[in-house]
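Morning, everyone. I have one chain to go through today, and I will take it from a pocket to the overall fold and then to the cavities.

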Amino acid sequence: MTSRYQEQLSRLATRGRLRALKPLSGRHGCRVSCEGRELLNLSSNDYLGLAGDSDLLSRFYAGLAPGGLELAELYGLGATASRLLGGDCIMAHDLEDELAAAYGQEAALLFNSGYHANIGILPALYGRGDLILSDKLNHASLHDGLRLSRAEHRRFNHGDHQHLRQLLIQSSGRYQRVVIVSESVFSMDGDVADLQGLVALKQEFAADLYLDEAHAFGLYGEQGLGQAAAQGVLGEVDLLVGTFGKAMASMGAFVVCRREIRDYLINHSRSLIFTTALPPVVLHWNRFVFHHQLGLARKRQSLQELSDRVRQELLARGIPTAGRTNIIPVLIGQDSDAVRLAESLREQGFLVLPVRPPAVPEGTARFRLSLTAEMQWPDLAPLLDILAQEMRAGSGTIHAR
């Protein structure tokens with residue numbers, strides 16, 4: 001007898017939405033091996049190329065002591081408890097202090113991932129009598145944070161400040177606190193939020209501003225602090241979340257905020273209180289790589305120049321795209337078309353995984369070309385030619401954004 005789970009899996013397969021895990025190996029720079037084939041990896045968030053930087057890893061492990069206290073404190077593989085129950089360490093506090101200082105804020109607090117941060121901060125800080133206004137294209141973790149919160153929440157049209165203003169006007173005087181929630185770089189469209197516009201609305205309506213910089217941390221601003229730094233509004237962001245799991249080639253996340261907010265989260269954020277702390281080796285690597293990326297301004301500039309060229313060359317080949325970051329969306333449309341074309345690209349040496357609903361809206365299956373600093377134009381030119389050939393063949397699979 002077929003279970004209801006198997007029936008649902010079969011329906012996903014019929015619609016071209018069945019997902020499966022495929023292990024990758026042989027990671028070297030921007031290339032990986034998948035099922036015995038070396039591929040250019042265009043589905044990675046290793047934006048600065050740090051995960052595959054063997055020289056950087058060698059420098060990190062060069063400090064490995066043969067034994068003793070330093071080995072356990074810096075390279076220990078397990079924290080064994082939550083931070084409140086014995087899993088805390090000096091390294092975590094040092095990293096938090098350095099993050100706070102870099103951002104010019106009073107305090108910072110580490111989380112185990114960006115997901116942990118977003119589902120832990122919003123429910124802890126905002127509840128009954130409060131209102132959360134969230135961009136419709138915010139990450140799933142932010143939407144889950146809204147649902148876990150007991151605050152009322154509404155979503156404004158993506159990047160539509162006029163719609164946001166209308167919601168703020170309607171809510172005026174009705175709530176104890178109002179918070180505007182947005183990403184700075186949106187991961188599926190590669191576009192950038194107008195942070196100065198959000199700050200102006202925050203100030204006009206005395207709201208808080210919560211900014212998720214997951215896809216901007218490491219990539220923008222002279223020191224890689226993100227779009228808030230690049231757009232000159234760091235001092236106006238009340239809660240700024242960054243993650244080590246993307247450009248920093250690690251795991252974990254942080255929020256920079258006022259000290260009283262940090263203290264409050266330590267006592268009320270469930271995803272912090274009830275989670276085993278990050279291992280010492282991860283904290284040590286996060287601190288090491290954070291300091292390293294502060295000096296990568298040239299690498300950030302080169303990646304932006306490459307991204308601009310790829311976007312221009314796509315347009316020249318008749319392939320419309322959007323955004324202005326290293327995340328370049330190419331809209332396919334139907335799920336089955338995206339899956340078929342992704343398989344064709346893999347056979348020709350490119351790992352471009354199809355992005356399908358529910359990660360994106362219905363009818364907008366796409367490729368998310370994720371460029372990294374290790375890539376060069378000769379790596380990418382053949383891919384653009386293949387996509388152009390698909391259009392000339394009249395497949396009808398690539399559409400305008």
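A pocket here is an open set of grid points with protein on both sides within 12 Å along at least five of seven lines, and its lining residues have an atom within 4 Å of a point. Keep in mind that this is a predicted model.

With that in place, take the second largest pocket. Its volume is about 200 Å³. The lining consists of 13 residues, and those nearest the centre of the pocket are Leu125, Tyr126, Arg177, Asp208 and Ile261. Two helices, α5 (114–125) and α10 (259–268), contribute at least two lining residues each. Sorted by class, the lining of this pocket holds seven nonpolar residues, five charged and one polar.

Now the chain as a whole. It has 15 helices and 14 strands. The radius of gyration is 22 Å, and the globule rule gives 21 Å for 401 residues, which is close, so the chain is as compact as a globular protein of that length. Along the principal axes, the C-alpha atoms fill a box of roughly 65 × 60 × 55 Å. Of the 401 residues, 52% are buried. As for contacts with a separation of 6 or more, 70% of them are between residues 24 or more positions apart.

Next, one strand. Is β4, residues 107–111, mostly covered or mostly open? Mostly covered: five of its five residues are buried. In a regular strand, side chains alternate between the two faces of the sheet. In β4, Ala107, Leu109 and Phe111 point one way, while Ala108 and Leu110 point the other way, and all of them are buried.

Which residue in β10 stands opposite Leu110? That is Phe254. The two strands, β4 and β10 (residues 253–257), pair in the antiparallel sense over five bridges.

Leu110 also takes us to the cavities. The count is two cavities of 30 Å³ or more. The largest contains about 110 Å³ of space. It is lined by 14 residues, and the closest to its centre are Arg83, Leu110, Asn112, Ala277 and Leu278. So far as elements go, β4 supplies at least two residues of that lining, and α11 (270–273) likewise supplies at least two. By class, the lining of the largest cavity comes to eight nonpolar residues, five polar and one charged.

The second largest cavity has a volume of about 50 Å³. Its lining is made up of Leu219, Tyr220, Arg300, Leu303, Gln304, Ser307 and Asn326. These divide into three nonpolar, three polar and one charged.

Last, a sheet. Three strands form an open sheet in the order β11-β14-β13, and the pairing is antiparallel. Which strands are at the edges? They are β11 (327–333) and β13 (354–355), each of which pairs on one side only. Between β13 and β14 (residues 365–370) there are two bridges, and these strands run antiparallel. Val355 has Arg366 in β14 as its bridge partner.

To go back over the main points: the predicted model has a chain as compact as a globular protein of its length. Strand β4 has five of its five residues buried, pairs with β10 and supplies at least two residues to the lining of the largest cavity. That is all I have.

How values were computed:
Residues numbered from 1 in each chain as written. Predicted model: local features only at pLDDT ≥ 70, side-chain atom pairs only at ≥ 80, totals over all residues. Heavy atoms only, no water. Buried < 20%, exposed > 50% of the residue type's maximum accessible area, 1.4 Å probe, protein only. Helix = DSSP H or I, 4+ residues; strand = E, 2+ residues; numbered from the N terminus. Pairing = 2+ DSSP bridges. 1 Å grid on protein atoms, 1.4 Å probe; cavity = no way out; pocket = protein on both sides within 12 Å on 5 of 7 lines; lining within 4 Å. Points joined across faces, edges and corners; volume = space filled by probe spheres on them. Nonpolar A, V, L, I, M, F, W, Y, C, P; charged D, E, K, R; others polar. Rg over C-alpha atoms; globule rule 2.2 N^0.38 Å. Contact = heavy atoms within 4.5 Å.
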